[in-house]
Amino acid sequence: MNKLILFSIAIVSMAMFSASCGKGNGAKASSDSDHVLAATTEEQPRDPNRMWCGEHDVYEDECYICHPELKPSDGHDDGHGHAQSEDSGAPGASTLMCKEHRLPEQECGICRPDALSTVPIGQGLKVRFASKASISKAGIVLGQPASATSGGGQELLGQVSFNRNQLANVTPLVTGVVVEVHKDVGDVVQAGDTLASVQSPEIAQVTSEYLKAAAEARLASQSLSREQDLFKKEISARQDLEAAQAASAVSQSAVNESRQHLLNLGLTQAEVDTAVKGRAASVVPVRAPFAGTVIARTAVHGSAVEPGVALFQVADLSAMWMQLSVPESRLASVHAGAQIQARFDAYPEKSFDGTIEWIAPAIDGQSRMVQARAVIANPEGLLKDGLFGRATIAGLVKEDEVTVPASAVQDVDGRQVVFRRIEDDLYETRLVEAGPAVDGRITILAGLALEDEIVTEGSNIMKSEFLKERLGAGCAEH
């Protein structure tokens, strides 16, 4: 009898030891309670013939987290802050509920931040704060997206410069001395207008050579006429006629060469014709190459000049260049021939139309920008060289695009998110497709609507709350 009593006491002791071990495992599991099922009654001894899941503190054949095919169809509390409820989207199935954050487990971003990698653009996981007051204490500021046109997300920075195709350094073509200045800075000139006059020994020498060649040509022409008459009368031989013809041709070639030399030095045909009459002077004009405005002058009366040294700068101001900086991300949308509208702070009420005519073949290694050039109409002459402004390219603006402050967008595992307000204490980590950033704003290409209310300041705090499970401060710590 005493042996039977001792045997019974031993069995009870083993059962109590087994139960105490179960409590120890249960304590460990409660620290991971966001993924725990309802444990079997701790007072019940374990069945030695069934495998035990120490991670979730249940029998292996009841652990539907390790074995999803075992998930029960009826709702129950798991005893650790999570419960099952019927999933309206899948009749007969059940979903784990997070009582700590009052959300379905599959939507709780704090419990399951890694699930964000499977969420499509335009959807997200939810983050619930402890209370409504937590939002204001955290310094979170709310706002709404803006349209692409009002937000400026499609604008490119640029700088105005003179149209290099209509800009000329006007230089003399001979060595000499300035004897008269006819135009000054700001004067509007036409093609061929005389800007200054230069006295040059070189022009006098070439004029003299021209007059000599012309006189010799006249003499050779007279000799040819005489030989032609003698040949007709059979007084002169054909050989003499041919010699006279050759001499006349050589003389005329010398005249043509001298005339062209004078034209190349800046004289007009009328001035060359005047030189033939023996009234040529040693002064050569410096002329405007095209219609425009004198924008610079170095010519001074009495100053020595030489070819290649500019005396004036003339520019056609009716059209200007605008050098644009295009972000690398927008290259696919920018092309030669694209129409732009440029705006400048100096003229807030005006816009200037233009066309992109060139895109650089290389990207700047530091700024990751590509230079582009547009020609902008400047009929009133308002645009100035060096003026900064912004240009909107028609091909980049889309009506369905919105922009948000750069501070509203956070990167989570290489994916761009914003935080959308659902309730005062509940926010959604919304996946978006982010475009380029310009002037502190980011274009949202997909995933967000203008009417959405989002976190514009303090999104880094929302990100920390969303990822605190990874930092060991998830719902298991509450």
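A salt bridge is counted here where a side-chain nitrogen of Lys or Arg lies within 4 Å of a carboxyl oxygen of Asp or Glu. In this predicted model, Glu 428 and Arg 430 form such a pair, their closest N and O atoms being 3.1 Å apart, and the count by this rule comes to ten salt bridges.

The pair of Glu 428 and Arg 430 is a useful place to start, since both of its residues are buried. For Arg 430 the relative accessible area is 11%, and this residue counts as buried because the limit for that class is under 20%. Arg 430 also meets the side chain of Asp 452 in a salt bridge, with a distance of 4.0 Å from N to O. Asp 452 belongs to the loop between E28 and E29, whereas Arg 430 belongs to strand E26, which covers residues 426-431, so this contact ties together parts of the chain that are 22 residues apart in sequence. Asp 452, with a relative accessible area of 12%, is buried as well. Through shared partners, the salt bridges join Arg 420, Glu 428, Arg 430 and Asp 452 into one network.

The loop that holds Asp 452 takes part in another link, for Glu 453 forms a salt bridge with Arg 421, the closest N and O atoms here being 3.7 Å apart. Glu 453 sits in the loop between strand E28 (441-446) and strand E29 (454-457), while Arg 421 sits in strand E25 (residues 415-423), and the two residues of this pair, 32 residues apart, connect distant parts of the chain. As to their surroundings, Glu 453 has a relative accessibility of 30% and therefore counts as partly exposed, and Arg 421, at 26%, is likewise partly exposed.

Elsewhere in the chain, the reader can follow an open sheet of four strands, arranged in the order E14-E13-E11-E16 with antiparallel pairing. Its edges are formed by strand E14 (283-287) and strand E16 (304-305), each of which pairs on one side only. At the E14 end of this order, strand E13, made of residues 194-199, pairs with E14 in the antiparallel sense over five bridges. One position that can be located within this pairing is Val 198, whose bridge partner in E14 is Val 284.

Conventions:
Residues numbered from 1 in each chain as written. Predicted model: local features only at pLDDT ≥ 70, side-chain atom pairs only at ≥ 80, totals over all residues. Heavy atoms only, no water. Pairing = 2+ DSSP bridges. Buried < 20%, exposed > 50% of the residue type's maximum accessible area, 1.4 Å probe, protein only.
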